[in-house]
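Q: I'd like a close look at one single spot in this model, and then a walk outward from there. Could you keep it informal and stick to what the coordinates show?

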Amino acid sequence: MLDKLVDVLNLTKVFGAITAVDDISFQVNRGDVLGFLGPNGAGKSTTMKMLSCFLYPTDGTAEICGYDIKEQSIDVKRNIGFLAEGFPIYGDVTPLDFLNYIAEIRGFKGKEKNKKVDNAIELAAIGDVVNQQVDTLSKGYKRRVGFAQSILHDPEVLFLDEPTDGLDPNQKFYMRKLIREMSANKAIVVSTHILGEVDSICNKMAIIDKGKIKVQGLVSEVRANHLDGKNIIIALADEKKEAGLKKIFAEFEGLIKHKEKALSAEGKVVYTLLSDKAENLFRDIQPKIYELDNNIDICLDRVSLDKIFRDITVSEEA
């Protein structure tokens, strides 16, 4: 069984004088959910369209389930599900009619077709609207109809462009849970602006900006390797203990990259310690601090994906 289901190799797309995607490479294995992040116009949707064989690359290529997107586009399309941004669908049909049509295009007939359609309706949770005209549906339900068509044939690879756009909080929770469950036997690429979604469903991430991938890897690795590393937050209510705290800091001077002091709204003295080896520092410094005063609060605070995203995609001029 092939495990490397998405293998992107120096992929480039040029529109006239604009290079929308600039020589990018990444891989997604079976069991991975890759969060594909970037600001508007960064090249996310263009990349998804190339990988789904809706756009032909200017240079480079990619293999999906072992098939080349330039030379074997039909085979690629058989093995992928694609939920495009602003998924287009005729407004005067019902979701049931639409999914039956998609099933027939995919080559399913008879009982097998009915089974595929029924399963997609159940997974997308659209059973209560399948006989309504699409024009009468909310944005969230239309998005879920689009999701249903993308999973109808149980593809090994899913490309989902803003899959929770328009969904209410309960629908988002269900969709994220479903994506996590489906990822066990698939490779899934999720393009999203919602960074909390990456924490919820993705084990890998890639940030693209101005057509170039700026950072990629496991979500945990990206956090650990980011310039800001991780923070240790220490808050004490008794200022008399501060002298003892500073002595402890001196013991770990080699591990503390930066130290900031502030006063909280509750009047506590709060120290933020920055370290490239925050987990090790936290493990060693915590018992010493509790020995000084077990009422001192100490916690390991991961750098947020929002901050990483801003640091990578916002220019100094901005």
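Where is the place of K186?

A: This is a predicted model, so read everything below as computed from it. K186 sits in a loop, with helix 6 (169-182) on one side and strand 8 (187-191) on the other. Despite being in a loop, K186 is buried: its relative accessible area is 6%, and the cut-off for buried is under 20%.

What does its side chain do in there? One polar contact, at 2.6 Å, links it to the side chain of D154. In addition, a polar atom of the K186 side chain lies 2.5 Å from the backbone oxygen of P155. Leaving out residues up to four places away in sequence, K186 touches L5, N29, R30, G31, D32, D154, P155, E156 and L158.

Some of those neighbours lead straight to other elements. L5 belongs to the stretch of strand 1 (residues 4-15), and N29 is the end of strand 2 (residues 18-29); these two strands run antiparallel and are joined by eight bridges. Within that pair, K13 faces V21 of strand 2. The two strands make a hairpin with two residues in between, and G16 in the turn has a positive phi of about 60 degrees.

Now back to D154 and the loop around it. H153 lies between helix 5 and strand 7 (157-161). H153 is buried as well, with a relative accessible area of 10%. Its side chain reaches the backbone oxygen of I80 at 2.7 Å. Again skipping residues up to four places away in sequence, H153 touches R78, I80, G81, R106, F108 and K116.

Next, the helices that come before these two loops. The axes of helix 5 (residues 139-151) and helix 6 come within 12 Å and cross at roughly 10 degrees. Angles under 35 degrees count as roughly parallel, and helix 5 and helix 6 are therefore roughly parallel to each other. On the helix 5 side the meeting residues are G140, R144, F147 and I151, and on the helix 6 side they are Q171, M175, L178 and M182. By type, the residues of this contact are five nonpolar, two polar and one charged. Helix 5 also has helix 3 (residues 95-105) to deal with: the buried residues of helix 3 pack against helix 5 and helix 4 (110-124). Those buried residues are P95, F98, L99, N100, I102 and A103. After helix 3 comes G107, with a positive phi near 95 degrees.

Finally, the sheet that strand 8 belongs to. It is an open one, with six strands in the order 6-7-8-3-9-10 and mixed pairing. Strand 6 (80-83) and strand 10 (212-218) are the edge strands, each pairing on one side only. Ignoring direction, neighbouring strands are turned by 15 degrees against each other on average. Strand 3 (residues 33-37) and strand 9 (residues 204-209) run parallel, joined by four bridges, and G35 has M205 in strand 9 as its bridge partner. Helix 11 (residues 305-313) packs on this sheet and touches strand 3, strand 9 and strand 10, with its direction at about 30 degrees to that of strand 9.

Note on methods. Residues are numbered from 1 along each chain as its sequence is written. This is a predicted model: local features need pLDDT of at least 70, side-chain atom pairs count only at pLDDT 80 or more; totals for chains, interfaces and linings use all residues. Side-chain values use heavy atoms; hydrogens and water are left out. Buried means under 20% relative accessible area, exposed over 50%, partly exposed in between (1.4 Å probe, protein chains only). A polar contact is a pair of N or O atoms within 3.5 Å; within protein, one must be able to donate a hydrogen and the other to accept it, and residues adjacent in sequence count only if both atoms are side-chain atoms. Contact means heavy atoms within 4.5 Å. Two strands pair if DSSP finds at least two bridges between them. Axes are lines fitted to C-alpha atoms, for helices over the stretch in contact, and angles run from 0 to 180 degrees between N-to-C directions. Angles under 35 degrees count as roughly parallel, over 145 as roughly antiparallel, 65 to 115 as roughly perpendicular and the rest as oblique. Ala, Val, Leu, Ile, Met, Phe, Trp, Tyr, Cys and Pro count as nonpolar, Asp, Glu, Lys and Arg as charged, and the others, Gly among them, as polar.
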